[in-house]
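Reader: I'm new to reading protein models and would like to go through one step by step. Could you show it to me first?

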Amino acid sequence: MRTFLILFVFINFDRGHCTETRAQVLSITPKTQEQVDILKNVSTQYQTALWQPVSSQYIKEETEVHLFVPTNSSKIVKDLLQKHSITHEVLLPNANELIEMQMRNGSTDPRSGSTFYERYHTLEDIYDWTNRTFQDNPSKITVILIGSSYEKRPLYALKLSINNRPNKKAIWIDCGIHAREWISPAFCLWFVHHSLSFYGQNQEITNILNNMDVYILPVMNPDGYLYTWTTNRMWRKNRSVKKTSPCIGVDLNRNFDANWCTEGASSEPCSEIYCGAFPESEPEAQAVANFLREHKDSVQLYLTIHSYSQMLLFPYSCTLDEAENHKELLEMAKEAAQKIRRHYRSQYRYGAGAKTIYLAPGGSDDWVYNLGIKYSFTFELQDRGHYGFLLPPSEISKACNEALIAVKTIALKVLEKTQAQIRSP
Ligand SMILES: [Zn+2]
């Protein structure tokens, strides 16, 4: 996808008529192969961003496509669709307003009644928050520099540790691997805040933290995240520059060494699912992989947070083969999904990645699983496509509480299983 600036232009004057054009998200279901080809062309040749499917190669007949169309290409895209009799529905008529709403935070709107954790934050704010959280909780939080991004921004993981029991096990949670999935970093912050606030009060979080440390990486892709705040809200990849192509960025969740760059990834640098030059070619993926290699004996549970589509996924995504403890993982995901439904009436699908969505090789969850961390999950948070990546701040608390229930349910199961292992000779 080409880079474009989000222009806040709402009105075009056309021969004296006032035609409204604004950034929108369209839902289009191609009916014929010809329509599929035209849609592929529209989504690659014009300034648009595919929300669903993730890459134009997966557009097919009778399958719904969600396409973000910025103001400046709205007219040309709609004219093209009309010319070829492709009908569309407008999913989000007011994408610019939603983007503005997401960017409004404490400093620009101090009267909004929401708390810090019910808003989205800039990268700078998240770095400040990391520092402040450490300063306010020096006995519980350590900040670990695990590496730096392509543009040399620090990758800080927080270690949340309540006590120094020997041979303590751990959980790893990373957020923000894909830049435009803003609810993901918001969840990492939410999780830390919840843990610190409710330790000693909430039985589940107390039990988890008494027995396990938690590593939290709030923004795995800081360069991409910053770019979504400054330039292109729909950016997904990191920001690495290649000598051989004008296109920027690698899909970090295709850059791990798990059936790397096979079907479901692309070796084309302009693709949204570009796998990179070689496994762990990207400093962000390498930093996480190095840390987990060093801590693979203590880390029992790996969680990576994405959006949107409301799913709890586990290995494999890189092959249709079943994971060795498939049944166990399925049970855990099922229980978590049931609890979410009971508490919040939200439907979460669950299952092995490749069978539940599509083949996606080179993902962190599969790589971690093959490393020997047998409890590995990818969460896709809210919603199921209504707001998509533009989930309003008012929805943050529900989205995060749902994810929190799933994290607690699965973490407690892992704890049960690992403690049973310790007890049995
Ligand atoms: Zn993602």
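Reader: Where is Y308 found in the chain?
Author: This is a predicted model, so keep that in mind as we go. The strands on either side are β11, residues 299-307, and β12, residues 311-314. Y308 sits between them, so to speak: its place is the loop between β11 and β12.

Reader: Is the peptide bond from S307 to Y308 cis or trans?
Author: Most peptide bonds are trans. For the bond from S307 to Y308, omega is near -10 degrees. That bond is cis.

Reader: Which peptide bond has an omega near -5 degrees?
Author: Look at the loop between β4 and β5, where P53 has its place. The bond leading into P53 is cis. It is the bond from Q52 to P53.

Reader: Is E380 buried or exposed?
Author: E380 lies in strand β14, residues 375-381, and an unreviewed UniProt entry gives it the annotation "active site". A residue needs 20 or more other C-beta atoms within 10 Å to count as buried. E380 has 23 such neighbours, so it is buried.

Reader: Which residues does E380 touch, leaving out those up to four places away in sequence?
Author: Y308, the residue from your earlier question, is one of them, and so is S307, from the other side of that cis bond. The full list is H306, S307, Y308, S309, Q310, M311 and L313.

Reader: What does UniProt place at residues 119-414?
Author: That stretch is 37% helix and 18% strand, and its end C-alpha atoms are 31 Å apart. The unreviewed UniProt entry labels it "domain: Peptidase M14".

Reader: Which strand supplies the largest share of the side of domain 1 that touches domain 2?
Author: The chain is divided into domain 1 (11-93) and domain 2 (113-423), and 11 residues of domain 1 are in contact with 11 residues of domain 2. On the domain 1 side, β4 (49-52) and β5 (65-69) each supply at least two residues. The largest share is 4 residues, and it comes from β4.

Reader: How many C-beta atoms lie within 10 Å of T48?
Author: T48 lies in the loop between α1 (33-45) and β4. Among the residues it touches are L67, F68 and V69. T48 is buried, because the number of other C-beta atoms within 10 Å is 24.

Reader: What is phi for E62?
Author: Most residues other than glycine have a negative phi. E62 lies in the loop between β4 and β5 and counts as exposed, with 9 C-beta neighbours inside 10 Å. Its phi is positive, near 60 degrees.

Reader: Where is R345, which also has a positive phi?
Author: R345 isn't a glycine, and its phi is about 60 degrees. With 7 C-beta neighbours inside 10 Å, R345 counts as exposed. You'll find it in the loop between α9 (326-344) and β13 (349-352).

Reader: What is the radius of gyration of the protein chain?
Author: The chain has 12 helices and 14 strands. For 425 residues the globule rule gives 22 Å, and the chain comes close to that, so it is as compact as a globular protein of that length. Its radius of gyration is 21 Å.

Reader: Over which residues is the pLDDT below 50?
Author: The chain averages a pLDDT of 92, and 92% of the residues score at least 70. One stretch falls below 50, and it has 26 contacts in the model beyond near neighbours in sequence. That stretch is residues 1-19.

Technical notes:
Residues numbered from 1 in each chain as written. Predicted model: local features only at pLDDT ≥ 70, side-chain atom pairs only at ≥ 80, totals over all residues. pLDDT = per-residue confidence, 0-100. Contact = placed C-beta atoms within 7 Å. Rg over C-alpha atoms; globule rule 2.2 N^0.38 Å. UniProt positions renumbered as here; feature names shortened; annotations may be inferred. Domains from an automatic or database assignment. Buried ≥ 20, exposed ≤ 12 C-beta atoms within 10 Å, placed from the backbone.
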